[in-house]
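Here is a short guided tour to read with the model open beside you. We start with the whole chain and then stop at a handful of residues.

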Amino acid sequence: MAFAAPQIVRGFSSSAVRNVVIKNVTIIGGGQMGAGIAQVAASTGHSVTLVDTSDDILKKSIKMIEGSLKRVVKKKFSDKPEAGEEFIKKVVQKVSTSTDAESAVQGSDLVVEAIVENLKIKQDLFSRLDKLAPSHTIFASNTSSLSICDIASSTNRQDRFGGLHFFNPVAMMKLVEVIGTPATSQDTLDSLLDFSKVLGKTPVSCKDTSGFIVNRLLVPCMMEAIRLYERGDASKEDIDIGMKLGAGYPMGPFELADYVGLDIVKAVIEAFKTKDPKNPLFDSSDLLNKLVAEGKLGIKTGQGFYKHK
C-alpha cells in the first residue's frame with residue numbers, strides 16, 4: 001500500500017536517540033496478549049493504537065479489554081461503582097484501533113509486536129514498518145521462543161530493537177522479561193525497563209537466549225512431565241498434584257500446558273530444538289504432537305490433556 005507521507009530520513013546513530021520517554025504505543029496483534037498489553041498501557045495513561053487485520057478482530061479485542069477491565073473494577077472499585085465505570089470509559093478511550101499498521105506506527109514511540117510465532121512473518125512485518133516509523137521509535141517483540149536477534153535482522157534499527165515478553169493474563173501477571181541483543185543500545189534497554197515499571201510491572205533483564213528466563217526453565221519442565229506420563233511412571237493427575245503440593249506450583253504442568261495451549265508448547269520446544277538440536281531437554285513428544293494434530297489444544301478448544309467445559 002502506498003502512502004503520501006514523505007520518506008522519513010533515517011540513519012541516526014544510537015547516541016542521537018537518548019532514553020525515549022514512551023507516550024504513544026502501537027501494538028500489532030489483537031489477540032489475548034496484544035489486547036492485554038493494550039489494556040495495561042492505556043490504564044497507565046499511554047495513547048495506544050491496537051492493530052490487526054480486520055475490524056471484526058479488533059471489535060473482539062476491545063470486548064476482551066472491556067471484560068478484563070470489569071474484573072479489575074470489581075476489586076478496585078467494589079464500593080464505588082460509578083468511579084469504576086468512569087475508569088473503564090477512560091481506559092477504553094485511550095485505545096484506538098486500525099487495520100493499517102504502516103500508517104499507525106508513524107506517530108509511535110514504541111511498537112510492540114504480538115502476532116503468530118513465525119519468524120518469517122515477524123521479519124516481514126518489521127521490515128515494512130522500519131521504513132515508515134520515526135527514527136526514535138523503539139521496536140519490540142513479545143515473542144516467547146524466537147530469537148530477538150533474528151527478528152531484528154530484518155530492520156535497520158537493531159540498536160533500537162529489544163524483547164518485551166509479557167505473561168498471560170497480562171493484566172494480572174506482574175513480570176515482564178526485557179531482552180537485549182548485542183546490538184541493543186543501553187538507552188533502548190533503559191527505555192523498555194522504564195516503560196515496564198510505568199505499567200506497574202516488575203521487569204527482569206535477560207540476554208537473547210532460547211526461552212529467555214521463564215520459558216527456558218518452564219517449558220522443559222512441562223516436556224519432562226509429559227515424558228514421565230508417556231512412560232507410564234505416573235498419571236498426569238498425580239504429576240500435577242505432586243508439583244502443586246511438593247513444589248508449590250499454582251498449577252501442575254499438564255494444567256499449565258492446557259492453559260498456555262498445546263500448540264504454543266509444541267512451537268516453543270521446536271524453536272528451542274532448532275537452536276540447540278543436541279540438547280535432550282528439547283526433545284519433542286509423540287503424545288503432544290498427536291494432541292496438536294487432532295486439534296486438542298487445551299482450554300481454548302475444550303480439550304487437551306484434560307477435558308474442559
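The report below goes from overall form to charges, then to single residues and backbone details.

**The chain as a whole**

Please keep in mind that this is a predicted model. The chain is built from 12 helices and eight strands. Along the principal axes, its C-alpha atoms fill a box of roughly 65 × 55 × 35 Å. How does the radius of gyration compare with that of a compact globule? For 309 residues such a globule would come out near 19 Å, and the chain has 20 Å, so the two agree.

Buried residues account for 47% of the 309 residues. Contacts also reach far along the sequence: among those with a separation of 6 or more, 67% join residues 24 or more positions apart. The accessible surface amounts to about 15200 Å², and carbon and sulfur atoms contribute 55% of that.

**Charges and salt bridges**

On the charged side, there are 39 positive and 36 negative side chains, and the centres of these two sets lie 3 Å apart. The structure contains 16 salt bridges. Three of the pairs are set out here.

| Positive residue | Negative residue | Closest N to O distance |
|---|---|---|
| Lys122 | Glu117 | 3.2 Å |
| Lys275 | Asp150 | 3.1 Å |
| Lys296 | Glu294 | 3.3 Å |

The pair of Lys275 and Asp150 in the table ties together distant parts of the chain, since Lys275 belongs to helix H11 (residues 262–275) and Asp150 to helix H6 (residues 148–152), with their positions 125 residues apart. Asp150 has a relative accessible area of 28%, so this residue is partly exposed.

Is Lys122 buried or exposed? Its relative accessible area is 0%, so Lys122 counts as buried. Its partner Glu117 is partly exposed, at 26% relative accessibility. These two residues also belong to a wider arrangement, as Glu113, Glu117 and Lys122 are linked in a network of salt bridges.

In the third pair, Lys296 is partly exposed at 26% relative accessibility, and Glu294 is likewise partly exposed, with a relative accessible area of 38%.

**Around Ser144 and Phe212**

Glu117 comes up again when we turn to Ser144. Ser144 sits in the loop between strand S5 (138–141) and H6, and at 11% relative accessibility this serine is buried. Which residues does Ser144 touch, beyond those up to four places away in sequence? They are Glu117, His165, Gly211, Phe212, Asn215 and Val268.

Phe212, one of those contacts, is worth a closer look. Phe212 lies in the loop between strand S8 (202–207) and helix H8 (214–230), and with a relative accessible area of 3% it is buried. Its phi is near 60°, a positive value in a residue other than glycine. Most residues other than glycine have a negative phi.

**Thr26 in strand S1**

Thr26 is part of strand S1 (residues 24–28), and a relative accessible area of 0% makes this threonine buried. Setting aside neighbours within four places in sequence, Thr26 is in contact with Thr49, Val51, Ala104, Val105, Ser108, Leu110, Val111 and Val112. Glu113, a member of the salt-bridge network, has its C-alpha atom 8.5 Å from that of Thr26, although the two are 87 residues apart along the chain.

**Gln32 and the cis peptide bond**

Gln32 is located in helix H1 (residues 32–43). Why does Gln32 count as exposed? The reason is its relative accessibility of 54%, because exposed means over 50%. Leaving out neighbours within four places in sequence, Gln32 is in contact with Met64 and Asn168. Between Gln32 and Ser210 there are 23 Å from C-alpha to C-alpha, and 178 residues separate their positions in sequence.

Asn168, one of the contacts of Gln32, takes us to a last backbone feature. A cis peptide bond joins Asn168 to Pro169, with omega at about -5°. Most peptide bonds are trans. Pro169 itself is found in the loop between strand S6 (161–166) and strand S7 (175–180).

Terms used. Residues numbered from 1 in each chain as written. Predicted model: local features only at pLDDT ≥ 70, side-chain atom pairs only at ≥ 80, totals over all residues. Heavy atoms only, no water. Helix = DSSP H or I, 4+ residues; strand = E, 2+ residues; numbered from the N terminus. Rg over C-alpha atoms; globule rule 2.2 N^0.38 Å. Buried < 20%, exposed > 50% of the residue type's maximum accessible area, 1.4 Å probe, protein only. Contact = heavy atoms within 4.5 Å. Areas by Shrake-Rupley, 256 points an atom, 1.4 Å probe, with all protein chains shown as cover. Lys, Arg positive; Asp, Glu negative; His and termini not counted. Charge placed at Lys NZ, Arg CZ, Asp CG, Glu CD. Salt bridge = Lys/Arg side-chain N within 4 Å of Asp/Glu carboxyl O.
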